[in-house]
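Dear colleague,

Please find below the structure that I am handing over to you. My findings follow directly after it.

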Amino acid sequence: MGIDSKPRTKDGSWFAFYLALLLFGKQTLAQIRYSVPEEVQEGTVVGNVAKDLGLDITSLIARRFRVVSGSKDAIFEVNQNNGALYVDKHIDREELCHGSGACLVELKILVETPLEIHYVIVEITDVNDHAPSFPEREQIFEIFEQTLPGRRFQLHAARDPDAGINSIRTYTLTANDYFEVDIRQSDEDKIPFVVLKKSLDREQKDKHTLLVTAVDGGKPPKSGTLNVSIIVLDSNDNRPMFSQEIYQITIHENVPIGTSIFQMNATDPDEGTNSDIEYSLGKTLKKKVYDIFELDKLTGEIRVKGVVDYEENDVYKLDVEASDKGTPPLAGECRVIINVKDANDNPPEIEVTSLSNIVSEDLKPGTMISLISVRDEDFGVNGKIITSITSDVPFELKPSYKENIYSVVTKEFLDREAVSHYEITIKATDCGEPPLSAFKILNIHISDVNDNRPRFSQNPLQFYLMENNVAGASILSVSATDGDQNDNAAISYHIVRDGIRNGIMSFLNINSESGDILALKSFDFESLKTFQFQVVATDSGTPSLSSNVTVNVFILDQNDNAPVILYPVSSNGSAEGVEEIPRNVNAGHLVTKVRAYDADIGYNGWLLFSLQEVTDHSLFGLDRYTGQIRTLRAFTETDEAQHKLVILVKDNGNVSLSATATVIVKVVEPKEAFAASDVKSATADEEDNNVTFYLMITLGSVSTLFLISIIVLIAMQCSKSTDYTSKYLQEPNYDGTLCHSIQYRSGEKRYMLVGPRMSVGSTIVPGSHANTLMLPDRRTAGEVSTMYVFNN
């Protein structure tokens, strides 16, 4: 609403307006003063300005009668109809004016034609709309109980934003016997004090809770409160006191040194260091008393310090003083009379004459390990001793030929692995009243003999190893335990070779100390699925003991073999083939079947077929599981005569591997198809004769090569050292799963030798102008089975 928030153009117009007012108008220098209380309702009339200024009521609108300046002026407006000045907005005196002085608002009243400006002063009077408040809700004082009456303690002063009579007028205090409130006037503020009017006694009351109330002068008055806590601090005005002046107690003679016989207890109603008590014996006692008894200065416990002998003295008198730690300290005294009661005052004594601290666990029952003797300085019944072993141990006491002499012997076989240490507690008790006892503990350590074999946690052990392991790295570890100790439990490991030089054992090494087994070769699941061997664990005892365990290792398959296309296969070895079908075939006609295999197993060897590329998607469909290609509809005259299909074969491994095959489908007229079929039949008859001839030659050649290879391998192995390991050596339990193929030509014929895992759907594989014949070569279980495949 102020002038500063208006645009500059408007400021310029106001400047021109005031300049005109100074040049051509007239000012009224007289001021009118009104008074209005705060918090009045909006619209409340303050006074009739037009009437008080002598202005014509009927001309107010024409002369633009209005309030023109001051940010606070927005609180008031004038009514141009009747000239009344009224409250336009809520009035809060505490927001407009701070302090207790008069709150004045100056208004500028402007009329035009002619220009006149009048000043009106409005006084905002205060109403009691605020209650006194303290800056904090609670105030704490700590006062010593010896503080003299009249001591003043300043309280927090309350604040009341109201002014005049509505501000704080007085402070009051809850009724009590010890304190009163006093007010000191400082300028316009009233500062409250709490005054001590009576001496305090902490032992009667250690805390006083007061309520200070600040009251203003409004009608009705308003107030605020302050919680005052006065904590009374202690002074040393009480001396320690015992419950009795004389204490009498009775003890037995020869009570064990260190025994607590009495607990002193003095009390002091003070607190802190003023109530901390220290105990001491009187300074005038006989020296013998200080040698026999001692007093703990902090706890007040009287303990036996020396030997208490009834025959020497039957009563002791102790003067005890209790002193606090105040300044100055105060003390209280009492006397303790100790009566000594005669008793069986000599306990038995146990003496170990000889002892074998370390005994072997292979001792026979009845073997003596110690000799002991007992005695008691008393006579008669008090000197009669009963001796026994109180602990539950495999030992017993045997009386000797002489009284009070015993031997400790074994009563059963010992086992160090079960218990390696015994504490034999020997008790000797006399027959006095009351009986006295003595105890002796013999510590016996059992030495080890090699009576436990190494033991494996289970037998056989099963391990699973992923194929393609790193050669030379550890593949598994065996561990045995031995209940013995030291050298008898030091275990070494070795693999049972059984004289096999070229078996799987030759590829395994074992760390004799840790049992870690290393493989010198990388295993191939397709070549080897499982193998077994034995490990022997031997301890270092004399004589040594051993045990063995059978280790079964199962090779786990990895997806390390890509699918191999069996059909179609072209003459140059690529996965390509040509199929001719008549144009008049119907939908669902089998065009051909793509055959493939994967040397892996499970999901890694599960193959799926998909069409990666086809010239016409509406003509051909592929079974994703069997690889069969069938027509989806009948051919039309507009269909092309040749179609190219690219089939993707992939396995289901985590990282799948794949291969592709290409099939060229030629669509021929029905007559041409029949002619081609006749030609194929004639050719097949001729080729069957040729295949039989070449088969005989090939079988003879391969057999000869195989025999020569066996002889060469045997000769090479005999010439090698026993620790030589060949990475090309075939495993003895090879199961014939290695896949391989060899192709060669002879004239117009092509021959192929493939491994036994080459999975085909039938022995006769339809192909492009060729047949495939598969014949297995029957051999012994330890040799590699080879499958011969001949293609034209």
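**Strand 42 and its partner**

Strand 42, residues 576–582, has side chains that alternate between two faces. Gly577, Glu579 and Ile581 point to one face and are buried, while Glu576, Val578, Glu580 and Pro582 point to the other and are not buried. In general, the side chains of a regular strand alternate between the two faces of the sheet. Please note that this is a predicted model.

Strand 42 is joined to strand 49 (residues 658–668) by 7 bridges, and the two run parallel. Within this pairing, Glu576 stands opposite Thr662 of strand 49.

**Asn604**

A second site concerns a loop residue. Asn604 is located in the loop that connects strand 44 (595–597) with strand 45 (608–614). Its relative accessible area is 14%, which is under the 20% cut-off, and Asn604 therefore counts as buried. When neighbours within four places in sequence are set aside, the residues in contact with Asn604 are Asp557, Gln558, Asn559, Asp598, Asp651, Gly653 and Asn654.

**The chain as a whole**

The chain has 792 residues, of which 41% are buried. It contains 5 helices and 53 strands. Among contacts with a separation of 6 or more, 66% are between residues 24 or more positions apart. The exposed area of the chain is about 43500 Å², and carbon and sulfur atoms supply 52% of that area.

Yours sincerely

Notes: Residues are numbered from 1 along each chain as its sequence is written. This is a predicted model: local features need pLDDT of at least 70, side-chain atom pairs count only at pLDDT 80 or more; totals for chains, interfaces and linings use all residues. Side-chain values use heavy atoms; hydrogens and water are left out. Helices (H or I, at least four residues) and strands (E, at least two) are DSSP runs, numbered from the N terminus. Buried means under 20% relative accessible area, exposed over 50%, partly exposed in between (1.4 Å probe, protein chains only). Contact means heavy atoms within 4.5 Å. Two strands pair if DSSP finds at least two bridges between them. Accessible areas come from the Shrake-Rupley method with a 1.4 Å probe; for residues, only the protein chains shown count as cover.
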